[in-house]
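Biologist: Please take one helix of this model and go through it closely, from its length to its surroundings. I would like to know which side of it faces inward and what lies against that side.

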Amino acid sequence: PAAADPALEAKPYAELISTVAAAHGVDVKLVHAVVEAESNYEPRARSRKGAQGLMQLMPATARQYDVQDPYDPKTNLDAGVRYLKDLMSRLDLRLALAAYNAGEAVVQRYGGMPPFAETRNYVRRILQRVGR
């Protein structure tokens, strides 16, 4: 395994994020970058559009992954990482992140990266954080 990153280990929920990322085979740096972009590590975060918790799960996504309490860090991270992994199994990383942000249907509708500044900035920010 890669050497531990002290900066990531100092973040909230670092141990839980490491465990969940490893369990699903998703890069821990990527999970941290998504959590930071989505909620800034705030487990009670809620967006104007109704996304909830650390990984800002939409209610339909939470239901799809059998999440009872979207504000519970462990179940939110588990579902968020599983969702991200599912997207990455169908799409390249840039488009998987765009789909995580804007919805997979939106990415399909545009046949690639949607023309939204918010989504493009989100993808760029996360790719910068993971060094890609």
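Modeller: Contact here means heavy atoms within 4.5 Å, and a helix is a DSSP run of H or I with at least four residues, numbered from the N terminus. The model is predicted, so local features need pLDDT of at least 70 and side-chain atom pairs count only at pLDDT 80 or more, while totals for chains, interfaces and linings use all residues. Residues are numbered from 1 along each chain as its sequence is written, and side-chain values use heavy atoms, with hydrogens and water left out.

I have chosen helix α8, which runs over residues 117–129. Its 13 residues, at 1.5 Å a residue (taken times one less than the number of residues), should span 18 Å, and this agrees with the 18 Å between its end C-alpha atoms.

Within α8, the residues Thr119, Tyr122, Val123, Ile126 and Leu127 are buried (under 20% relative accessible area, with a 1.4 Å probe and protein chains only; exposed means over 50%). Because these buried residues cover an arc of only 125 degrees around the axis, they lie on the same side of α8, the arc being that of the directions from the helix axis to the C-beta atoms. Among the elements that cover them are α3 (28–39) and α6 (93–102). The other side of α8 carries Ala117, Glu118 and Gln128, which are exposed. After α8 comes glycine 131, and the phi of this glycine is positive, near 75 degrees.

Definitions and conventions:
Helices (H or I, at least four residues) and strands (E, at least two) are DSSP runs, numbered from the N terminus.
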